[in-house]
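Trainee: I'd like to learn how to read a few features off a model. Can we go through one together?

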Amino acid sequence: MTNPRDKALEEVPSPLRTSVEAFMEGKTVYHDATDRPIIYAHDLAAWAHQVIHISGLEYPVALATVDVASLRQAMAA
């Protein structure tokens, strides 16, 4: 079973990809049917939690670009 919010690593925006890759080090990485590395939605939510709440916001993000409902939903997953 997959979550529709799961992403192929290549789908993570390039300015964020290095940080996501570093976060995923040591974790099990799964691959989709075309052998692309997949980042599960719960791992993305954990990464976002770390960036925002633990280490401080690493990236300047305009408030207008943040979909608060989606962020809350991802964090609850």
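**A buried charge and a ring pair**

Mentor: Let's start with Asp43, which is buried (under 20% relative accessible area, 1.4 Å probe, protein chains only) but has no salt bridge (a side-chain nitrogen of Lys or Arg within 4 Å of a carboxyl oxygen of Asp or Glu). The nearest side chain of opposite charge, Lys27, is 6.2 Å away. This is a predicted model, where local features need pLDDT of at least 70, side-chain atom pairs count only at pLDDT 80 or more, and totals for chains, interfaces and linings use all residues. Residues are numbered from 1 along each chain as its sequence is written, and side-chain values use heavy atoms, leaving out hydrogens and water.

Trainee: Which residues is Asp43 in contact with, leaving aside its neighbours within four places in sequence?

Mentor: Contact means heavy atoms within 4.5 Å. For Asp43 that gives Phe23, Met24 and Lys27.

Trainee: And where is Asp43 placed?

Mentor: Helices are DSSP runs of H or I with at least four residues, strands are E runs of at least two, and both are numbered from the N terminus. Asp43 sits in helix H2, residues 41-54. Buried residues of H2 also include Leu44 and Trp47.

Trainee: How do I read an aromatic pair?

Mentor: You describe it by the distance of the centres and the angle of the planes. Rings of Phe, Tyr and Trp (its six-membered ring) pair if their centres lie within 6.5 Å; planes under 30 degrees apart count as stacked, over 60 as edge-to-face and the rest as tilted. The structure holds one such pair. Tyr30 and Tyr40 are tilted, 5.3 Å centre to centre with 50° between the planes.

Note on methods. Buried means under 20% relative accessible area, exposed over 50%, partly exposed in between (1.4 Å probe, protein chains only). Lys and Arg count as positive and Asp and Glu as negative; His and the chain ends are not counted.
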